[in-house]
Amino acid sequence: MKILAITNQKGGVGKTTTCVNLAASLASLGKRVLLIDLDPQGNASTGSGIDKAHLKLSIYHVLIGEQSLQEVVVKSEKGGFDLAPSNRELAGAEVELVNELARENRLKAAIANLGDAYDMVLLDCPPALNLVTVNALTAANAVMIPMQCEYYALEGLSDLVNTIKKVRAHLNPTLEIEGLLRTLFDSRNMLAQQVSAQLISHFGNKVYKTIIPRNIRLAEAPSHGVPVLYYDKASKGAIAYLDLAQEIVDKQNISKENKHG
Ligand code: ATP
Ligand code: MG
């Protein structure tokens, strides 16, 4: 089971858009997908067609140890995947967990309980390097970093990479950065082109080949509570996320082959 944390402490870089649309695209390729919303904003829940205001149970109850993950999971009927939803209540978890034992391991333990019910688990992180994000990095076996190719993009990246290194040293020795994803990309913008070239020269094949273009359909789809694939499947945004899903599946197949000699 692949557990992919989609994270960047910078806000508005396309984490949630990537989670919802990648989940739907992977599901359309036949994968069994669970999306876990780890942001009190609950945008991944809304974008998956789940009404976050009227949740009885959410990921908050899992992290504080009141419920198992299975008990809070709902179906995104429109997206074809399962979802562990979130809402404002999650903001309290940070404080409530401060004095708890093994507080960084809550999510990892909850996911371990799922057995092999899923092929892919996607973790939508909040825009912060907080305890919830550390839980995601501890549970994950790979990290995806969505980023906008702009002037300050690389600055924040070093803080994130340092956090990942710390988690690897103390909590999760096999954690790997799978890739950097270029999002909200405008190919006519010279600066975006330059930053993109810089990313490739620093990170080489850790930059996903697929680029997510700036596409209005991606911004519109959440207000209809559906992934873009079910809103406008011919849009550039829908095609890009299908390409990304295929790239990730291919990467996983290659790493499996390497492991088995
Ligand atoms: P936060 O840090 O607040 O959780 P985020 O990193 O999850 O934000 P999103 O919520 O996915 O970012 O995207 C921020 C805004 O940009 C949203 O309004 C979204 O609809 C829009 N958006 C994201 N990706 C694209 C894109 N490729 N093209 C056009 N609009 C996009
Ligand atoms: Mg988000």
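**Figure 1. Leucine 184, a partly exposed residue of strand 7.** At 28% relative accessibility, leucine 184 counts as partly exposed, because that class lies between the 20% limit for buried and the 50% limit for exposed. The model shown here and in the other views is predicted. Leucine 184 sits in strand 7. Its backbone deserves a look too: phi of leucine 184 is near 45°, a positive value in a residue other than glycine. As background, most residues other than glycine have a negative phi.

**Figure 2. Alanine 102, another non-glycine residue with a positive phi.** Here phi is about 50°, although alanine 102 is not a glycine. The residue belongs to the loop that runs between helix 5 (93–96) and helix 6 (106–112). With a relative accessible area of 45%, alanine 102 is partly exposed.

**Figure 3. The whole protein chain, to set the close-ups in context.** The protein chain has 11 helices and 8 strands. A compact globule of 261 residues would have a radius of gyration near 18 Å, and the 17 Å of the protein chain agrees with that. Along the principal axes, the C-alpha trace spans about 50 × 40 × 40 Å. Of the 261 residues, 51% count as buried. The chain exposes about 12200 Å², and carbon and sulfur atoms supply 52% of this area. If you like contact maps, here is a handy number: among contacts between residues at least 6 apart in sequence, 78% join residues at least 24 apart.

**Figure 4. Helix 1, a mostly covered helix.** How many of the 14 residues of helix 1 are buried? The count is 12, and among them are Lys15, Thr16, Cys19, Asn21, Ser25 and Ala27. At 1.5 Å a residue, the 14 residues should span 20 Å, and the end C-alpha atoms are indeed 20 Å apart. Just after helix 1 comes glycine 30, which takes a positive phi of about 95°.

**Figure 5. Asparagine 21 and serine 25, two buried residues of helix 1.** Asparagine 21 is found in helix 1, and serine 25 is also part of helix 1 (residues 15–28). Asparagine 21 has 7% relative accessibility and so counts as buried; serine 25, at 2%, counts as buried as well. Leaving aside residues up to four places away in sequence, asparagine 21 touches Leu218, Pro227, Val228 and Tyr241. With the same neighbours in sequence left out, serine 25 touches Leu229, Tyr241, Leu242 and Ala245. Tyr241 therefore appears in both contact lists, where contact means heavy atoms within 4.5 Å. For a sense of distance, the C-alpha atoms of serine 25 and glycine 92 are 32 Å apart in space, and the two residues are 67 apart in sequence.

**Figure 6. Helix 8, with buried and exposed sides.** Helix 8 (residues 153–170) has 18 residues and reaches 27 Å from its first C-alpha to its last, close to the 26 Å expected at 1.5 Å a residue. Its buried residues are Ala153, Leu157, Leu160, Val161, Thr163, Ile164 and Val167. They cover an arc of only 160° around the axis, which puts them on the same side of helix 8. An α-helix has 3.6 residues a turn, so residues three or four places apart point the same way. What do the buried residues of helix 8 pack against? Their partners are helix 7 (131–139), strand 6 (142–148), strand 7 (176–185) and helix 9 (190–203). On the other side of helix 8, Glu155, Lys166, Ala169 and His170 are exposed.

**Figure 7. The aromatic pair of tyrosine 151 and tyrosine 152.** The structure holds 1 aromatic pair. The ring centres of tyrosine 151 and tyrosine 152 are 5.1 Å apart and the planes stand at 70°, so the pair is edge-to-face; the cut-off for that label is an angle over 60 degrees. Tyrosine 151 is exposed, with a relative accessible area of 62%.

**Figure 8. Alanine 53, an exposed loop residue.** Look for alanine 53 in the loop between helix 2 (43–47) and helix 3 (59–63). Its relative accessibility is 60%, so alanine 53 counts as exposed. Alanine 53 and asparagine 87 are 34 residues apart along the chain, and their C-alpha atoms are separated by 7.1 Å.

Conventions. Residues numbered from 1 in each chain as written. Chains lettered and ligands numbered in written order. Predicted model: local features only at pLDDT ≥ 70, side-chain atom pairs only at ≥ 80, totals over all residues. Heavy atoms only, no water. Helix = DSSP H or I, 4+ residues; strand = E, 2+ residues; numbered from the N terminus. Buried < 20%, exposed > 50% of the residue type's maximum accessible area, 1.4 Å probe, protein only. Phe/Tyr/Trp six-rings, centres within 6.5 Å; stacked < 30°, edge-to-face > 60°. Expected span 1.5 Å × (residues − 1). Arc of directions from axis to C-beta. Rg over C-alpha atoms; globule rule 2.2 N^0.38 Å. Areas by Shrake-Rupley, 256 points an atom, 1.4 Å probe, with all protein chains shown as cover.
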